[in-house]
Amino acid sequence: MNQYLYPWHDSHGHNKIGVINAKSFSNCIDKLSEQLIDKYDDLEDNGDFEDLIKQLSEKYDVHIGDIYDINEF
C-alpha cells in the first residue's frame with residue numbers, strides 16, 4: 001500500500017492535507033471519488049474524476065489540489 005497526499009481548501013478558510021492509503025494512483029482516485037460522493041450528496045458520479053472535482057468546486061467552493069505519492073518526497 002502507498003500513501004497519497006492531497007491538499008484541500010474551502011471558502012471558509014479550512015485547509016488540510018488529506019491522506020489516502022491505496023494500492024495504486026488509480027485506486028487512490030477511486031477511493032477519493034467515493035469519499036467525496038459519500039460526503040456531498042448531489043455530486044454526479046460519471047466516472048470522470050476531473051469533472052467530479054469541477055462539480056465540487058462549483059457547488060461547494062471546495063478545491064482539491066494535485067495528488068502526490070508520499071514516496072515522491
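Contact here means heavy atoms within 4.5 Å. Keep that in mind for the close-ups below, which all come from a predicted model.

**View 1. K31 on helix α1 and the residues it touches.** K31 is found in helix α1, the stretch that covers residues 25–39. Which residues does K31 meet once its neighbours within four places in sequence are left aside? Look for M1, I20, N21 and A22, which are the contacts of K31. As for cover, K31 has 30% relative accessibility, so it counts as partly exposed. Now find H63 as well: it sits 32 residues away from K31 along the chain, and the two C-alpha atoms are separated by 17 Å.

**View 2. A negatively charged patch that includes D30.** Just before K31 comes D30, which also lies in helix α1. D30 is part of a gathering of negative charge on the surface. Its partners in this patch are E34, D38, D41, D42 and E44.

**View 3. Y4, tucked into strand β1.** Start with the strand: β1 runs over residues 2–10, and Y4 has its place there. Is Y4 buried or exposed? Its relative accessible area is 4%, so Y4 is buried. Plenty of residues touch Y4, even without counting those up to four places away in sequence. Among them are G18, V19, I20, A22 and S24, and you can also pick out F25, C28, I67, Y68 and D69. One of these contacts, A22, is 18 residues from Y4 along the chain, with 7.4 Å between their C-alpha atoms.

**View 4. I67 in the loop between β3 and β4.** Here we follow one of the contacts of Y4, namely I67, which is placed in the loop between β3 and β4. I67 counts as buried because its relative accessibility is 13%, and the cut-off for buried is under 20%. Skipping its neighbours within four places in sequence, I67 is in contact with Y4, L5 and Y6, as well as F25, C28, I29, L32 and F49. Take I29 from that list: I67 and I29 are 38 residues apart in sequence, yet their C-alpha atoms are 8.8 Å apart in space.

**View 5. A nonpolar patch made by Y68, I70 and F73.** These three residues form a nonpolar patch on the surface. Together they have about 320 Å² of accessible area. I70 has its place in the segment after β4, the strand of residues 68–69. How much of I70 is accessible, and what does it count as? The relative accessibility of I70 is 32%, so I70 counts as partly exposed.

**View 6. D61 and its positive phi.** D61 is found in the loop between α2 (49–60) and β3 (62–64). Most residues other than glycine have a negative phi. D61 is not a glycine, but its phi is positive, at about 55°. With 34% relative accessibility, D61 counts as partly exposed.

**View 7. K54 on helix α2, with I64 for company.** K54 is found in helix α2. At 49% relative accessibility, K54 counts as partly exposed, because only values over 50% count as exposed. How far apart are K54 and I64 in sequence and in space? They are ten residues apart in sequence and 9.3 Å apart from C-alpha to C-alpha.

Notes. Residues are numbered from 1 along each chain as its sequence is written. This is a predicted model: local features need pLDDT of at least 70, side-chain atom pairs count only at pLDDT 80 or more; totals for chains, interfaces and linings use all residues. Side-chain values use heavy atoms; hydrogens and water are left out. Patches are made of residues with over 30% relative accessible area and no salt bridge: like charges are joined within 9 Å, nonpolar side chains (Val, Leu, Ile, Met, Phe, Trp, Tyr) within 5 Å. Accessible areas come from the Shrake-Rupley method with a 1.4 Å probe; for residues, only the protein chains shown count as cover. A salt bridge is a side-chain nitrogen of Lys or Arg within 4 Å of a carboxyl oxygen of Asp or Glu. Lys and Arg count as positive and Asp and Glu as negative; His and the chain ends are not counted. The place of a charge is taken as NZ of Lys, CZ of Arg, CG of Asp or CD of Glu. Helices (H or I, at least four residues) and strands (E, at least two) are DSSP runs, numbered from the N terminus. Buried means under 20% relative accessible area, exposed over 50%, partly exposed in between (1.4 Å probe, protein chains only).
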